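Let's take a walk through this structure together. Have the sequence and the 3D view open while you read.

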Amino acid sequence: MIRAVRGTRDLLPPETALWNYVETMVREVFRVYNFQEIRTPIFEETQLFARSVGEETDIVSKEMYTWEDRGRTASDKGQSLTLRPENTAGVVRAYIEHKLWDRGLNKLYYIGPQFRRERPQKGRYRQFYQIGAEVIGPPTAGSESPARDAELLELLATLLDRLGIADWCLQLNSVGCPNDRAAYNEALRKALEPVVSNMCVDCQRRAVTNPLRVFDCKVPEDQPIIDKLPRISHYLDEPCRNHFDEVQQILKAVGVPFTINDRLVRGLDYYTRTAFEFTHGALGAQNAILGGGRYDGLSESLGGPKAPGIGFAIGEDRLVLALQQTAESVQCKPDVYIAPLGAGMNAEAAKLARELRRQEVVVELGDETFRLKKSLETASKLGARFALIVGENEVKSGAFALKNLSTGDQVAVPRDGLTDEIRSRVQKL
RNA sequence: GUGGGAGUAGCUCAACUGGCAGAGCACCGGACUGUGGCUCCGGACGUUGUGGGUUCGAUUCCCAUCUCCCACCCCA
C-alpha cells in the first residue's frame, strides 16, 4: 500500500470544514484591515532562503528540501531549487522583482503550504500550512513606524478572538538592530563564561554555538543562573528603545494585552526590533501558534532598496488543533434528501434537485434502486431535515410526499410551487 | 538528527509466562415488498505495519525497517 510520506497527511472531511472556516474568517479580517492576497511559488532558488533566513539557521542548514533542477542542455548545469520553508523570503523577492515600492506601503497576506524536513510531531509536519502577512514598503510610506507593528498585533488579537481561540498569550520583545545584537551577544558570552560549567550540557553547547538560545533552557537548576544574565533590553540603542516603547503604548491604548518576554528570541537571521509570539496552552511542546517580527534590513540583503517591513506567520495546523480542543465539529447537513423510488424516477428526482439547488437549498440525491427504507435511513444518517419522496404515486397524482425527519410529519406538496414551498419550510427552521 | 513509548477489523481497544485472533461502535442484509430513528436476528470483516530470525508452534520473544505519539533540537 502506498501511503502519504512521513510528515505529510491528508486532511479529510469533516476536518476540512474547520480549515475552510478558519480561512474564510481570516480573509474577512484581512479585508477589513485592507490587506490583499499575494501568492508566490512554492519553490524558489535555493539562494533566496540561504541569504534571507540565514545559512547558519537549522532551517537552511538541515531542513530544506533542495534539488538540482535539470539544465536546458547537457552543458547547462541547472539551478539549485528549494521548496519554500517559509514565505517571507518569497514575498520580499516579489517585492523587489516587481518594484512594489511604487505602490507605497504594501499590506499583503498569504495562505499556503510550507516545507521543512524536521522530525514530525504533534503540530509539526513536513508539509505544513501558514497564514501570514507582510507589511513592507519604502520608509517614506511609513513602513518603519511602530504604528505598523501595533496594527499588526492588534489584527492578530482580533483574529484569534473572532476565531474563538480562548486563551492566547502575546509575548513581546525587541531584539534591536544588528549592532545592538552583536554587542549583546558579546556581553552574553562574557557573562556565561564563568558560570557555564555549572549548567546543563545543552546550555554548555548553546553557550558556544548560539548564546541567545540559553534562554530557552527549561532545566530548573539553571534558572537562577539564567535570571542573572544580561538582557537585550539593556543593549538597545535609543531609536530601537523608543520604537519599542511606542509599540507598547499603542497596544495599551487599543487594549491588547501582552507580556514582555526579554527571553524571546526569534530564530531567523533577518529579524530586527519587534519580535513576538502568540502561545496557547493545550498544544504541548509546540505551543507557539504564531510568530513574527520586524525585518528592516531584509530587502537590502537581497539586493533590493531599503524597505523596512514586519510580518507574521500563523501555523494553521496548530491553529486548527487549538480550535479542535474547544469547538465541536460542525458537519454540513443537507436540507432535503430526495428519494427516487422505483425504475425511471432518477430523472424526475434530478430535475427537482436542480430546481431546489438553484434556490440555494442543500440537496442530497438518492438513487432509484434504493428501497424507501434504505433511502430514509440514509437521509436521517446524513442529518437531512426533510425527505422528498419521488415515486410513481407522486408522479401520477402530481403531489410529492415531503417528510419532516425530526418530527415524522409528512405532507403532500403539489408539483406546482413545490420548490417555493420547500424553500420556505427550510428557512423557517 | 537524538532519547523513550506504541502499531491487532473502517474506528476504540482485548487476547495470561508463546497454544485455533476477539468485543463494542460503524458497515451490509433480513424481520418490515412505499416509510428512518428503537428493538431483534444474521452477514462480511484481518497477510496482527513490513521483512527476517528463534520455535513443533509467534499478535506474544529477538533483529532490522517503516509510521505515529511523547520529549530534545528547533520552529509556525
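## Before we start

A crossing is called left-handed if the near helix is turned anticlockwise from the far one by less than a right angle, and right-handed if it is turned clockwise. Keep in mind that this is a predicted model.

Two packed helices are described by the angle between their axes and the distance between the axes. That's how we'll look at three helix pairs here.

## Helices α5 and α9

Let's use that definition right away: the crossing of α5 and α9 is right-handed. Helix α5 covers residues 146–163 and helix α9 covers residues 238–254, and their axes come within 8 Å and cross at roughly 40 degrees. An angle from 65 to 115 degrees would count as roughly perpendicular and one under 35 degrees as roughly parallel, so α5 and α9 are oblique to each other.

Who touches whom? On the α5 side you'll find Pro146, Ala147, Asp149, Ala150, Leu153 and Glu154, and they meet His243, Glu246, Val247, Ile250, Leu251 and Val254 of α9. Sorted by class, this contact of α5 with α9 has 8 nonpolar, 1 polar and 3 charged residues.

## Helix α1 and its two partners

Now find helix α1, residues 15–32, and helix α11, residues 316–326: their axes come within 10 Å and cross at roughly 110 degrees. α1 and α11 are therefore roughly perpendicular to each other, and their crossing is right-handed. From α1, the contact uses Glu15, Leu18, Trp19, Val22 and Glu23, while α11 brings Glu316, Asp317, Leu319, Val320, Leu323 and Gln324. The contact of α1 with α11 splits into 6 nonpolar, 1 polar and 4 charged residues.

α1 also packs against α5, at an angle of about 140 degrees and with the axes 10 Å apart. This crossing of α1 and α5 is right-handed too. Here α1 offers Tyr21, Val22, Met25, Val26, Glu28, Val29 and Phe30, and α5 answers with Leu155, Leu159, Arg162 and Leu163. The contact of α1 with α5 has 9 nonpolar residues, no polar ones and 2 charged ones.

## Two backbone oddities around α1

What is the peptide bond from Pro13 to Pro14 like, cis or trans? It's cis, with omega near 5 degrees. You'll find Pro14 in the segment before α1.

Another spot to check is Asn34, in the loop between α1 and β1 (36–37). Asn34 isn't a glycine, yet it has a positive phi of about 65 degrees.

## Around the RNA

Next, turn to RNA strand B. It has 50 residues around it, and Arg116, Arg124, Arg206, Arg213 and Leu405 come nearest. The surface near the strand is made of 14 nonpolar, 14 polar and 22 charged residues. Which element gives the most to this surface? That's α13, with 7 residues. Among the elements that each supply at least two residues are β6 (127–136), β10 (288–294) and α14 (392–397).

Which parts of the RNA lie within reach? Of the atoms of RNA strand B within 4 Å of the protein, 52% belong to sugar or phosphate and the rest to bases. You can pick out a few single pairs as well. An N or O atom in the side chain of Arg119 is 3.0 Å from a base oxygen of RNA strand B. For Ser380, a side-chain N or O atom is 3.2 Å from a sugar or linking oxygen of the strand. Asp58 has a polar side-chain atom 3.4 Å from a sugar or linking oxygen of RNA strand B.

How values were computed. Residues numbered from 1 in each chain as written. Chains lettered and ligands numbered in written order. Predicted model: local features only at pLDDT ≥ 70, side-chain atom pairs only at ≥ 80, totals over all residues. Heavy atoms only, no water. Axes fitted to C-alpha atoms, helices over the stretch in contact; angles between N-to-C directions. Helix = DSSP H or I, 4+ residues; strand = E, 2+ residues; numbered from the N terminus. Parallel < 35°, antiparallel > 145°, perpendicular 65-115°, else oblique. Contact = heavy atoms within 4.5 Å. Nonpolar A, V, L, I, M, F, W, Y, C, P; charged D, E, K, R; others polar. Near = heavy atom within 4 Å. Polar contact = N/O pair within 3.5 Å; in protein donor to acceptor, adjacent residues only side chain to side chain.
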